[in-house]
Each structure stands twice: as structure tokens, then as C-alpha cells.
Amino acid sequence: MAEDKGAAAHHLKRSADAVATATSELSDSADRRTLLAADRTLLAAERTYAAWVRTALAALASGVGGRALLAKAVPDWLGRATASVLILFAAFCLVAAVWRQLQRGVPPPHPDLKPVPHGFLLFFNGFLLLVCAAALLGMWIG
């Protein structure tokens with residue numbers, strides 16, 4: 001009977017150790033999943049930023065190219081108005097890209113990845129806004 005109690009106590013100890021190990025592994029796994037989710041969130045935000053900038057560049061190119069292609073097909077004011085709307089839409093997309101990227105909702109846990117520096121985003125989009133302004137000005141003055 002004493003042997004049964006000793007075996008039961010040993011079995012209970014092994015079982016408790018197994019539960020402790022499994023709980024520790026589960027906790028480590030949950031922490032890793034949380035970090036990976038933070039990385040995915042950061043990458044999704046950067047993909048969205050890239051989509052806004054890509055749309056802006058396409059609109060800018062369409063505005064400049066459309067003005068050149070429509071020069072003899074439609075009245076001058078209509079070609080300029082169409083190009084102006086596209087270039088202004090490009091400027092809107094550039095502003096929206098930075099605004100959306102700088103918005104802070106619920107902060108995710110600290111991801112392993114480093115985000116694109118905000119100064120770079122502001123500089124790059126500011127430069128592209130100047131290009132939009134120059135295209136718009138050049139189209140109406142020149």
C-alpha cells in the first residue's frame with residue numbers, strides 16, 4: 001500500500017511537470033504568434049501606403065499624358081480640366097497616404113520589423129506633391 005502511494009505521488013509529480021512544461025510552451029507560442037501578428041499588421045500598413053502612392057503616380061502620369069493626348073481631340077479647356085482633376089486626385093492620394101500611415105489606432109505589440117521612418121515618408125510625399133504642383137502650374141501657364 002505504501003508502494004501504491006509512492007507510485008501515485010510519483011505519477012502525480014510527473015503529470016504536474018508535464019502540465020507545467022506544456023503551459024510554458026503554450027505561453028511561448030502565444031507570445032510568438034502575437035509578435036508575428038504585429039509584423040503582419042505593420043507590413044499590411046506599408047502595403048496600403050504603397051498602394052496609395054502607386055495610385056497617385058498613376059493619376060499624375062494619366063493627367064500629364066492625358067493632357068498631351070487630348071490636346072487636339074477636345075477643346076483646350078476640357079483637356080486642361082481633365083488633367084487638372086487627375087493631378088489634384090494624385091495630390092489627394094499622396095496626402096491620404098501619409099495621413100493614413102501616421103494614424104495611430106490601437107498600438108500593436110512591438111513588432112520585430114522596423115517601420116519606414118516617418119521623416120522619409122514626409123520628404124518623399126512632399127517631393128511628389130511639389131511635382132504635382134509643378135505639373136499643374138506648367139499645364140495652366142505653359
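Biologist: Is Phe124 buried, partly exposed or exposed in this model?

Modeller: This is a predicted model. Residues between the limits of 20% and 50% relative accessible area are termed partly exposed. Phe124 has a relative accessibility of 31%, so this residue counts as partly exposed.

Biologist: Where does Phe124 lie, and which residues make the nonpolar surface patch?

Modeller: Phe124 is part of helix α3, which covers residues 118-141. A patch of this kind draws on residues with over 30% relative accessible area. Here Phe120, Phe123 and Phe124 make a nonpolar surface patch of about 330 Å².

Biologist: How should one read Asp39: buried or exposed?

Modeller: Under 20% relative accessible area, a residue is called buried. Asp39 is at 10% relative accessibility and therefore counts as buried. Asp39 belongs to helix α1, residues 2-70.

Biologist: Which residues does Asp39 touch, leaving aside those up to four places away in sequence?

Modeller: With those sequence neighbours left out, Asp39 is in contact with Pro111, Asp112 and Leu113.

Biologist: How many disulfides does the structure hold?

Modeller: A disulfide requires two cysteine sulfur atoms within 2.5 Å. The structure holds 0 disulfides.

Biologist: Why is the sulfur of Cys93 without a bond to the closest cysteine sulfur?

Modeller: The closest cysteine sulfur to that of Cys93 belongs to Cys132, and the distance of 9.3 Å is too far for a bond. Seen from Cys132, the closest cysteine sulfur is in Cys93, again at 9.3 Å.

Biologist: Are Cys93 and Cys132 buried or exposed?

Modeller: Cys93 is buried, because its relative accessible area is 1%. Cys132 is also buried, with a value of 3%.

Terms used. Residues are numbered from 1 along each chain as its sequence is written. This is a predicted model: local features need pLDDT of at least 70, side-chain atom pairs count only at pLDDT 80 or more; totals for chains, interfaces and linings use all residues. Side-chain values use heavy atoms; hydrogens and water are left out. Helices (H or I, at least four residues) and strands (E, at least two) are DSSP runs, numbered from the N terminus. Buried means under 20% relative accessible area, exposed over 50%, partly exposed in between (1.4 Å probe, protein chains only). Contact means heavy atoms within 4.5 Å. Patches are made of residues with over 30% relative accessible area and no salt bridge: like charges are joined within 9 Å, nonpolar side chains (Val, Leu, Ile, Met, Phe, Trp, Tyr) within 5 Å. Accessible areas come from the Shrake-Rupley method with a 1.4 Å probe; for residues, only the protein chains shown count as cover. A salt bridge is a side-chain nitrogen of Lys or Arg within 4 Å of a carboxyl oxygen of Asp or Glu.
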